[in-house]
Amino acid sequence: MNTFSAKFDTSKAQEYKTLFEKENATFSTPQYMCFQARGEGFTASFYQSGKFVIQGKNTDKIISKYFGENPTPKENILNIPYPHIGIDESGKGDFFGPLVIAGAYLTSENAKELEKLGVCDSKKLTDKKILELEKQIKSISIFEVITINPKKYNELYSNFKNLNRLLAWGHATVLENLLKKTDAKIAISDQFAANENVILSALKEKGKTIKLIQQTKAEADTAVAAASILARGEFVKRISSLSYDYEINFKKGCNSEVLAQAKEIAQKFGREELKNIAKTHFKTYESV
């Protein structure tokens, strides 16, 4: 475990701070936090919202030492009432192809219907199943999908200079667009940054009125799972289209086979062409 995230009673902030004093931690009080402690192999951040995040190579050691085998769990997303919005993305770990961010607004009725159809985290599904479920999700839900093609992605990354800020902008855009179509009061997003305010700061006036829950493994929630399928479905179709255009069966992910393809493309079409089909801040691009 390199990251631990949980929800605690803010009245216990001082009590937890005392624990880290025993570890000879140094303390600061960043915005939105009760405290942040930095020690050997860990950083512990206690937010004013009650969210508690511990990161670093010694996270397991700290959790075991002070919180036992079963630390207090964060709010269980499976108990979040419907209707609500789920948001997820696809493509951030793929060198080739776009970044796709999607959101799905579900009621309790269509959430149950999608569960019966087999909607779950897209990482557990085949591309064929994802494309089948994508159609069914779109037929019974209110949804939003934005696709950032590689050329635009590279332009945005050069402006944001940080993947988390780019992701936050995309998540916020999807949420804002869905709020124009629904009267949702709650949204759930997979947590991709330790600082939960990275999305909140990107929201506009309408988005700031909603309760936004960010949690790791949020795909356990059906609305987030539906969003993950919508995002991956669009990504799969875009990669397929690229493969047709370039007459290359583009590999997903980022590995040695992907690097080999990237070198092949650079030799055939020129290095600059990679900017139109790949994410150039990846180390793979530097290797080419």
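Buried means under 20% relative accessible area, exposed means over 50%, and partly exposed lies in between, with a 1.4 Å probe and protein chains only. By that yardstick Y246 is buried, and so is F250. Welcome to a short tour of a predicted model, in which local features need pLDDT of at least 70 and side-chain atom pairs count only at pLDDT 80 or more, while totals for chains, interfaces and linings use all residues. Residues are numbered from 1 along each chain as its sequence is written, and side-chain values use heavy atoms, with hydrogens and water left out.

**Aromatic rings**

- Rings of Phe, Tyr and Trp (its six-membered ring) pair if their centres lie within 6.5 Å; planes under 30 degrees apart count as stacked, over 60 as edge-to-face and the rest as tilted. The whole structure holds 16 aromatic pairs.
- One of them joins F20 and F35, a tilted pair with 6.3 Å between centres and 55 degrees between planes. F20 belongs to helix 1 (residues 13-21) and F35 to strand 3 (residues 33-39), so this pair ties together parts 15 residues apart in sequence. Helices (H or I, at least four residues) and strands (E, at least two) are DSSP runs, numbered from the N terminus.
- How buried are these two rings? F20 is buried at 0% relative accessibility, and F35 is buried at 2%.
- Y246 and F250 make an edge-to-face pair, 6.0 Å centre to centre with 75 degrees between the planes.
- Ring pairs also link Y16, F20, F27, F35, F42, F46 and F52 into a cluster.

**Charges over rings**

- A charge sits over a ring if NZ of Lys or CZ of Arg is within 6 Å of the ring centre and within 35 degrees of the ring normal.
- K17 lies over the face of F27, at 5.2 Å from the ring centre. K279 is placed over the face of Y153, at 5.7 Å from the ring centre.

**Strand 4 and its neighbours**

- Six of the six residues of strand 4 (residues 42-47) are buried, so the strand is largely enclosed by the rest of the structure.
- In a regular strand the side chains alternate between the two faces of the sheet. Here F42, A44 and F46 point one way from strand 4, while T43, S45 and Y47 point the other way.
- Two strands pair if DSSP finds at least two bridges between them. Strand 3 and strand 4 run antiparallel and are joined by six bridges; one bridge matches M33 with Y47.
- That hairpin leaves two residues between the strands, and G41 in the turn has a positive phi of about 80 degrees.
- On to strand 5 (residues 51-55): four bridges join it to strand 4, again antiparallel, and Q55 is the bridge partner of T43. Three residues separate the strands of this hairpin, where G50 takes a positive phi near 100 degrees.

**E219 and its surroundings**

- Where is E219 found? E219 sits in the loop between strand 10 (211-215) and helix 8 (222-246), and E219 is buried, with a relative accessible area of 10%.
- The side chains of E219 and K123 share a polar contact of 3.4 Å. Such a contact is a pair of N or O atoms within 3.5 Å; within protein, one must be able to donate a hydrogen and the other to accept it, and residues adjacent in sequence count only if both atoms are side-chain atoms.
- Not counting residues up to four places away in sequence, E219 touches D88, D121, K123, D190, V224, A225 and S228, where contact means heavy atoms within 4.5 Å.
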